[in-house]
Amino acid sequence: MANAPNTGSSPVEEHSIVPTCKTSRANSMPFYGQTSHEETIGFSHVSPIVHASFMQEAIAEARTGLAEGGIPIGCVLVRNGQVIARGHNRRIQHNSVILHAEMDCLESGGRQTAAFYKECTIYTTLSPCSMCSGAIRLYGIPRVVIGENRTFRGDEDLLRTNKIQIDILDSKECQELLGNYIKENHSIWYEDIGRDEH
């Protein structure tokens, strides 16, 4: 099992987490540099403050990945109000084809039952790609909290089609952390999302 939540995480800044919203457009394409959401369909009933501490744990994972020389995307799995697994993108560090943050997080949690996953929420700093969305769907995790989906919109339609709740925090901190990395590492980024560099 993963370690308990890091109580030393930096406090959430006001600009970091903004009102949670849901968007209906998701087509697994990179949207790096996009400045506005389209087709906003409403606001979540959950206050962003509820999500803030867990998203900070995911952001801490992203920063750990960056410090290791990897892509700064992080993830935590939460059950009964506690972080029970954590991970970050380790494709570069482990020369892996599958270790996106969500996959690393689920792997760190070890084998669990379907009933266990149904009591979990997964927090990720970036909209999950088709591979990670497929794993979330497979294990029946009922809720995904996304730091941002402006840089990249993953397979959110797959999640919604399977009645998985999505909350998008539109975090500037998440956007800036990954955006700054992409500016210096275009080829690695496009490799990570399975696209030709352009």
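What follows is a set of questions and answers on a predicted model.

Colleague: How many salt bridges does a search of the whole structure find?
Modeller: Side chains of opposite charge can pair when their charged atoms come close. Here a pair counts when a side-chain nitrogen of Lys or Arg lies within 4 Å of a carboxyl oxygen of Asp or Glu. Searched in full, the structure gives a total of 10.

Colleague: Glu61 and Arg86 meet in a salt bridge; how many residues apart in sequence are the parts that the pair ties together?
Modeller: The N to O distance between the two side chains is 3.6 Å. Glu61 belongs to helix α1 (residues 48-67) and Arg86 to strand β5 (residues 82-88), so the pair joins a helix to a strand. The parts tied together are separated along the sequence by 25 residues.

Colleague: Are Glu61 and Arg86 buried or exposed?
Modeller: Buried means under 20% relative accessible area. Glu61 has 10% relative accessibility, so Glu61 falls under that cut-off. Arg86 has 14%, so Arg86 also counts as buried.

Colleague: Which residue is linked with Glu61 and Arg86 in a network of salt bridges?
Modeller: Glu61 and Arg86 already pair through their side chains. The network that holds these two also takes in Glu57.

Colleague: Which residue forms a salt bridge with Arg90, and where does that residue lie?
Modeller: The closest N and O atoms of Arg90 and Asp104 are 2.7 Å apart, and the two form a salt bridge. Arg90 sits in the loop between β5 and α2, so the pair ties that loop to a part 14 residues away in sequence. Arg90 is partly exposed at 21% relative accessible area, while its partner is buried at 9%. That partner is Asp104, in helix α2.

Colleague: How many residues apart in sequence are the parts tied together by Glu191 and Arg91?
Modeller: The side chains of Glu191 and Arg91 meet in a salt bridge, 3.3 Å from N to O. Glu191 lies in helix α7 (residues 186-192) and Arg91 in the loop between β5 and α2, so the parts joined are 100 residues apart.

Colleague: Which is the buried residue, Glu191 or Arg91?
Modeller: Glu191 has a relative accessibility of 46%, so Glu191 counts as partly exposed. For Arg91 the relative accessible area is 9%. The buried residue is therefore Arg91.

Colleague: What is the distance between the end C-alpha atoms of helix α6, and what span should the helix have?
Modeller: Helix α6 covers residues 172-184, which is 13 residues. At 1.5 Å a residue, the helix should span 18 Å. This agrees with the distance between its end C-alpha atoms, 19 Å.

Colleague: Which side chain reaches a backbone nitrogen at the start of α6?
Modeller: The backbone nitrogen belongs to Glu173, which is among the buried residues of α6. A side-chain oxygen comes to within 3.3 Å of that nitrogen, and the oxygen belongs to Ser171.

Colleague: What is the relative accessibility of Gly74?
Modeller: Gly74 is in strand β4 (residues 74-79). Leaving aside neighbours within four places in sequence, Gly74 is in contact with residues including Ala58, Glu61, Gly87 and Tyr123. Gly74 counts as buried, with a relative accessibility of 0%.

Colleague: Which residues form a nonpolar patch on the surface together with Met131?
Modeller: Met131 is in helix α4 (residues 130-139) and is partly exposed, with a relative accessible area of 30%. The patch has about 270 Å² of accessible area in total. Met131 shares this patch with Val97 and Ile98.

Note on methods. Residues are numbered from 1 along each chain as its sequence is written. This is a predicted model: local features need pLDDT of at least 70, side-chain atom pairs count only at pLDDT 80 or more; totals for chains, interfaces and linings use all residues. Side-chain values use heavy atoms; hydrogens and water are left out. Helices (H or I, at least four residues) and strands (E, at least two) are DSSP runs, numbered from the N terminus. The expected span of a helix is 1.5 Å times one less than its number of residues. Buried means under 20% relative accessible area, exposed over 50%, partly exposed in between (1.4 Å probe, protein chains only). A polar contact is a pair of N or O atoms within 3.5 Å; within protein, one must be able to donate a hydrogen and the other to accept it, and residues adjacent in sequence count only if both atoms are side-chain atoms. Patches are made of residues with over 30% relative accessible area and no salt bridge: like charges are joined within 9 Å, nonpolar side chains (Val, Leu, Ile, Met, Phe, Trp, Tyr) within 5 Å. Accessible areas come from the Shrake-Rupley method with a 1.4 Å probe; for residues, only the protein chains shown count as cover. Contact means heavy atoms within 4.5 Å.
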